[in-house]
Amino acid sequence: MFFDILTLFPGMFEGAFADSIIKRAQERKLVTIEIHNIRDYSGDKRHGTVDDYPYGGDAGMLLKPAPLAAAIKAGKERLSSLNPKVIFLTPQGELLRQPVVESLLSEQALIILCGRYKGIDQRIRERYIDREISIGDYVLSGGEVPAMVLVDAVTRLIPGVLNDRESAEADSLYNGLLSYPQYTRPEEFEGNRVPEILLSGHHVNIKAWKEEQALANTRARRPDLWKEYEERINDKIRNSKS
Ligand code: ADE
């Protein structure tokens, strides 16, 4: 998978992808991440201006359409054989939930546009953006941190990125549920013991315990996910009857 990130602050990405799982994924050539500075497409060699006042007298500045269009077009050319999708990170986008992450896995290349200031010219959204994504209902200073979140969430699902011990199957939300509680050594810590069942070596019972705990956890903490889970189960029952 190719990630082409368009940003006004390339320096923010230094370090973000230089360690751990994303670093290894790049070394294994499972992902390629390129960071491009939108200012390089400003067409204004002296000042590199990329923002301007909004029509209509609102406060704040907007990213001008021309540099964004040029940066996106250049990305599309770089990745022309991979049919890249253009993603704009904005609090107005669809919420980045695990199924959205999974839906991006089928793409070969993503051009990720990070906004800044008060936003971008609407004509860019209409003409150049395939998908708008938000990482949550709060406002960040720009799309850079959301871009890091998106790249991380997608990369760890690419086959071959995680090894067996890190497998995504035990992750919270992997199947729409929260994870079960997990323990490591010692068997007793500050007077609290690891649940006996995990020490029993009985794999069938352990699996059943984990499932039970995941369900109970989800029901108690995330009624929204629980409701979706119940709906999925009911659909399955209905389909198996018809
Ligand atoms: N830009 C600013 N806030 C954001 C958010 N919550 N999600 C995506 N992009 C953003």
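**Two domains, an open sheet and an enclosed ligand**

In this predicted model, the protein is divided into domain 1, covering residues 2-155, and domain 2, covering residues 170-241. Taken over C-alpha atoms, the centres of domain 1 and domain 2 are separated by 36 Å.

A convenient place to begin is the sheet. Five strands form an open sheet in the order S2-S1-S6-S5-S7, and their pairing is parallel. Strand S2 (32-37) and strand S7 stand at the edges and have a single partner strand each, so that one side of each is left without a neighbour in the sheet. From one strand to the next, the twist averages 30°. In general, strands of a sheet pair through backbone hydrogen bonds, in either a parallel or an antiparallel sense. Here S5 and S7 are paired in the parallel sense over five bridges, and in one of the bridges between these strands leucine 95 has serine 134, in S7, as its partner.

These two strands also lead to the ligand. Strand S5 (85-95) and strand S7 (131-134) each supply at least two residues of the shell around the ligand, and S5 gives the most, with three residues. The residues that surround the ligand are Leu89, Thr90, Pro91, Ile133, Ser134, Ile135, Gly136, Tyr138, Val139, Leu140, Gly142 and Pro146. Ser134 thus appears twice in this account, as a member of the shell and as the bridge partner of leucine 95. By character, the shell divides into eight nonpolar residues, four polar residues and no charged ones.

Which backbone atoms lie 3.0 Å or 2.8 Å from a nitrogen atom of the ligand? A polar backbone atom of isoleucine 135 is 3.0 Å from a ligand nitrogen, and a backbone N or O atom of tyrosine 138 lies 2.8 Å from a nitrogen atom of the ligand. For leucine 140, a polar backbone atom is likewise found 3.0 Å from a nitrogen atom of the ligand. Taken alone, the ligand exposes 270 Å², of which the protein buries 96%.

Two details of backbone geometry, both in loops, complete the picture. Lysine 29, which has its place in the loop between helix H1 (20-27) and S2, has a phi near 60°, a positive value in a residue other than glycine. Further along the chain, arginine 185 and proline 186 are joined by a cis peptide bond, with omega about 10°, and proline 186 lies in the loop between helix H5 (144-155) and strand S8 (188-189).

Methods. Residues numbered from 1 in each chain as written. Predicted model: local features only at pLDDT ≥ 70, side-chain atom pairs only at ≥ 80, totals over all residues. Heavy atoms only, no water. Domains from an automatic or database assignment. Near = heavy atom within 4 Å. Polar contact = N/O pair within 3.5 Å; in protein donor to acceptor, adjacent residues only side chain to side chain. Areas by Shrake-Rupley, 256 points an atom, 1.4 Å probe, with all protein chains shown as cover. Helix = DSSP H or I, 4+ residues; strand = E, 2+ residues; numbered from the N terminus. Nonpolar A, V, L, I, M, F, W, Y, C, P; charged D, E, K, R; others polar. Pairing = 2+ DSSP bridges. Axes fitted to C-alpha atoms, helices over the stretch in contact; angles between N-to-C directions.
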